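Here is a short report on one predicted model. Please look through the sequence and the structure first.

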Amino acid sequence: MARITASVYTSHVPAIGAAMDLGKDHEPYWRKLFDGYAYSRRWMRENTPDVIILVYNDHANAFSLSMIPTFAIGTGSRYPIADEGWGPRPVPEVAGDAEFAAHITQSVIQDDFDLTIVNEMALDHGLTVPLSLMFGKASAWPCRVIPFAVNVLQYPVPSGTRCFRLGKAIRKAVESYDEPLDVQVWGTGGMSHQLQGPRAGLINREWDNAFLDRLVQEPAVLAETPHVDYVREAGSESIELVMWFIARGAMNDAAGGTPPKVVHRFYHIPASNTAVGHLILENPA
């Protein structure tokens, strides 16, 4: 059967992608950030999965304010890169896994989660920046990707607890697939940041690092954090962090198994007025 071997958590700041695309990743402003992912890239080369289920939020590119699904799974075989207003990022298109995605969709919907099925969509920085951070500049992504979009743009957005439970349902779906796939689940977005209003530029280092601690140690309790706490303590856009609970809920210990191993942890401020957080967790063999 398929098996989830690891989960990856990372911010997806659009300026990070621009820095890579424009060759600025070695400039003083960006060097420390990219140095924090050097170990991750080595780890990825040694632990490249067959498929990544990549949880992210679309930024009004595949969807718009006229139609916003709470949870949407990509069931196509290939995905182009979105033009976000300044042309598509110069990165490879993304290869999907239609058969595996259809199986996950069937299982998760039968587990009482309503998913929007998306056969065609363009992918924006929410998905491509994490791939670039973990794989570097690539001529082709080295594995298949199932995009899993979550609404964190317009309220009401899903609770952390619902996302955590969804991760459990995804784990169940993966392990019922009759093919020996190595699967990783990635949660992206965050950490603390606010892009508008009188608190624009807000970053809360203490809150962010406590979140990272608790995500490892007590994810189910952390998932109960009310939405207002994210906004008050870490800025309006920090609500993206609820997506990390989908990846965390897919790990073994969420179903009563052995806790994961922390492979790598990194935190950096700022990256274009955003706090960057990053974790890699491995399930025991």
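## Helix 5 and its ends

Asp124 caps helix 5 at the N-terminal end. One of its side-chain oxygens lies 2.9 Å from the backbone nitrogen of Gly126. Just past the other end of the run, Gly136 takes a positive phi of about 75°.

Helix 5 spans residues 125-135 and is mostly covered. Of its 11 residues, 11 are buried. Among them are His125, Thr128 and Ser132, along with Leu127, Val129, Leu131, Leu133, Met134 and Phe135. Gly126, the residue whose backbone nitrogen faces the cap, is buried too.

## The sheet

Eight strands form an open sheet with mixed pairing. Their order is 6-3-7-2-8-1-10-9. Strand 6 (116-118) and strand 9 (261-268) stand at the edges. Each has a single partner strand, so one side of each lacks a neighbour in the sheet. From one strand to the next, the twist averages 15°.

Strand 1 (residues 3-10) and strand 10 (residues 276-282) run antiparallel. Five bridges join them. Ala6 stands opposite Glu282 of strand 10.

## Helix 4 against helix 6

Helix 4 (residues 98-110) packs on helix 6 (residues 160-175) with the axes 9 Å apart. The angle is about 125°. That falls outside the 65 to 115 range for roughly perpendicular and is not over 145, and the two helices are therefore oblique to each other. Their crossing is right-handed.

Helix 4 brings Phe100, His103, Ile104, Ser107 and Val108 to the contact. Helix 6 meets them with Leu166, Ala169, Ile170, Ala173 and Val174.

How values were computed:
Residues numbered from 1 in each chain as written. Predicted model: local features only at pLDDT ≥ 70, side-chain atom pairs only at ≥ 80, totals over all residues. Heavy atoms only, no water. Pairing = 2+ DSSP bridges. Helix = DSSP H or I, 4+ residues; strand = E, 2+ residues; numbered from the N terminus. Axes fitted to C-alpha atoms, helices over the stretch in contact; angles between N-to-C directions. Buried < 20%, exposed > 50% of the residue type's maximum accessible area, 1.4 Å probe, protein only. Polar contact = N/O pair within 3.5 Å; in protein donor to acceptor, adjacent residues only side chain to side chain. Parallel < 35°, antiparallel > 145°, perpendicular 65-115°, else oblique. Left-handed = near helix turned anticlockwise from the far one by under 90°. Contact = heavy atoms within 4.5 Å.
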